[in-house]
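Biologist: Could you take me through one part of this model in detail? I would like to look closely at the sheet and at the nonpolar packing.

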Amino acid sequence: MAQHRILWADDEIDLLKPHILFLKGKGYDVVTVNSGRDALEAVEAERFDLIILDENMPGLTGLETLSRIKQSAPLVPVIMITKSEEENIMNQAIGSKISDYLIKPVNPSQILLSIKKNLHSDALVSQQATIDYRQEFSNISNLISECRTIGDWYDLYGKLVFWELELSATDTSMDELLAMQKSEANTAFNKFVRKNYECWMDNMAGGDDRPLMSPDIFRDKIFPLIDAGEKVFLIVIDNFRLDQWRTVKPMLSDLFTFEEELYTSILPTATQYSRNAIFSGLMPLAISRMFPELWVDEDEDEGKNLNESPLIATQFERFRRKVRFSYNKVNDSAAGEKLVRELSNLESNDLNVIVLNFIDMLSHARTESKMIRELAANNAAYRSLTESWFRHSSAYDLFRKIASTGHRVVLTTDHGTIQVDNPIKVVGDKNTNTNLRYKVGKNLNYNSRQVYEIKRPERFGLPSPNVSSAYIFAGGHDFFAYPNNYNHYVQYYDGTFQHGGISMEEMLIPLITLNAKRQ
């Protein structure tokens with residue numbers, strides 16, 4: 001297949017050599033010029049499949065060049081790149097029928113995504129799933145730009161996960177395109193969260209302005225079932241994403257019917273914060289103030305989730321409910337098998353809370369073990385390991401046994417996880433926490449444009465280890481790296497699965513009510 005020829009016009013073209021080498025490495029023949037007039041001459045002399053124009057060039061501007069190109073080569077797609085977000089410039093460019101519009105700074109993957117959207121979306125066909133996704137591609141792109149509410153994001157994320165599972169099950173070349181579209185969605189979702197999160201925190205008492213969040217799970221989902229006389233099992237699988245749920249769902253379909261929804265994890269999307277918020281029904285700041293003996297600060301050595309059962313008890317006491325409940329945490333197969341054997345002892349309880357930690361342990365093992373890294377090299381392999389664990393573990397036996405009792409099950413998680421590949425430099429003192437997706441400290445040094453920063457933690461329901469403590473969160477596939485021994489640090493953590501920050505995978509998480517089928 002012949003190489004696609006691309007013309008790139010930019011007055012600072014020499015600074016874009018890494019981008020151009022990246023595209024050449026992807027098989028594109030890239031011709032470069034550094035002015036609008038040179039671009040017009042090139043278009044007159046040669047045939048190009050796509051043109052990339054810098055809007056802000058001296059002499060003949062990008063918009064003027066675009067207008068003349070459309071006269072001589074009206075069918076060639078043009079991507080406009082500019083530093084400006086002014087609406088009138090954007091309107092002029094769109095009115096001149098550009099194919100895409102990117103705001104500087106742009107990275108090579110953004111350029112590649114735009115090129116693929118314009119050159120390959122019609123050609124990448126092999127199987128029915130590929131054809132169907134191609135038909136859906138433009139719709140998803142439109143949805144990304146049109147998401148205005150958390151409900152819109154739930155719907156969009158559900159579509160992306162659906163196609164991720166569909167395409168991974170076929171031998172298709174569309175996986176990379178979907179991954180880029182998902183990254184594009186995560187960039188937009190990050191902006192959405194940064195715009196709305198403070199408002200959500202202002203409405204923690206509930207209302208239409210805030211999604212269902214971690215502290216609401218018991219009040220909104222568990223209490224109504226207990227009040228209706230149901231015996232309930234609440235099963236929390238740590239690090240359990242929507243795609244992982246859909247992977248194990250078929251194994252449970254003979255046992256249960258499902259009521260499926262998503263809810264939104266609080267920030268940080270880390271177990272210490274989000275799971276304690278679920279069990280207490282409180283934001284972390286309220287836990288630390290009301291029950292200081294049950295909250296463990298970031299700089300303390302003791303385990304951060306040792307007080308989950310007492311936190312559950314405080315929630316029942318606060319709502320003046322007399323509920324008989326049990327709490328079990330399963331960290332290994334022996335504990336799981338013991339729980340299955342003794343399940344009949346729990347049936348008299350109103351509520352049984354079970355925490356399954358396997359996926360969390362898998363993500364940590366993948367970071368530390370070269371063999372596990374190779375077994376879970378990407379999201380598809382990560383899902384496969386999850387499916388294999390569930391099929392052959394005591395967890396599957398646990399669900400089967402609960403189904404035989406006819407009791408209700410609420411299955412959820414505290415947060416998801418995302419595979420990271422883009423390091424961001426941050427400097428902190430020795431008391432700064434070690435999480436790669438969020439940092440909390442009093443002397444943090446970072447680029448504020450690359451993170452979501454919270455300088456008044458109390459406004460966001462978060463405790464402050466020190467008076468001047470701030471929180472910062474990574475978005476997309478970013479992770480924090482220290483300048484000291486930077487290359488080794490980046491190499492070690494690149495491609496690992498992390499949590500704590502802002503992404504659809506971490507924040508938009510499954511909440512499933514399972515109703516046992518009559519045996």
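Modeller: Happy to; what follows goes through the sheet, then a helix that lies across it, then the nonpolar cores. Please keep in mind that this is a predicted model.

Let's start with the sheet. It is an open one built from 6 strands, and reading across gives the order S7-S19-S10-S6-S9-S8, with mixed pairing. At its edges you will find strand S7 (256-264) and strand S8 (325-330), each of which pairs on one side only. On average, neighbouring strands here are turned by 15 degrees against each other, direction ignored.

Now zoom in on the S7 edge. The partner of S7 is strand S19 (residues 508-516); the two run antiparallel and are joined by 9 bridges. If you want a spot to centre your view on, try phenylalanine 258, which stands opposite leucine 514 in S19. Helix H10 (residues 242-252) lies across S7, S19 and strand S10 (408-412), and runs at about 175 degrees to S7.

Next, the nonpolar packing. The largest nonpolar core has 127 residues, and within it Tyr197 and Phe218 touch the most other members. Helix H8 (residues 175-202) supplies the largest share of this core, with 10 residues. Leaving aside residues up to four places away in sequence, tyrosine 197 touches Met213, Ile266, Leu267, Met283, Tyr452, Phe460 and Met507. Apart from this core lies another, of 22 residues, including Leu7, Ala39, Phe48 and Ile51. As a general background, nonpolar side chains tend to be buried together in soluble globular proteins.

Technical notes. Residues numbered from 1 in each chain as written. Predicted model: local features only at pLDDT ≥ 70, side-chain atom pairs only at ≥ 80, totals over all residues. Heavy atoms only, no water. Core = buried A, V, L, I, M, F, W, Y, C linked by side-chain atoms within 4.5 Å. Buried < 20%, exposed > 50% of the residue type's maximum accessible area, 1.4 Å probe, protein only. Helix = DSSP H or I, 4+ residues; strand = E, 2+ residues; numbered from the N terminus. Contact = heavy atoms within 4.5 Å. Pairing = 2+ DSSP bridges. Axes fitted to C-alpha atoms, helices over the stretch in contact; angles between N-to-C directions.
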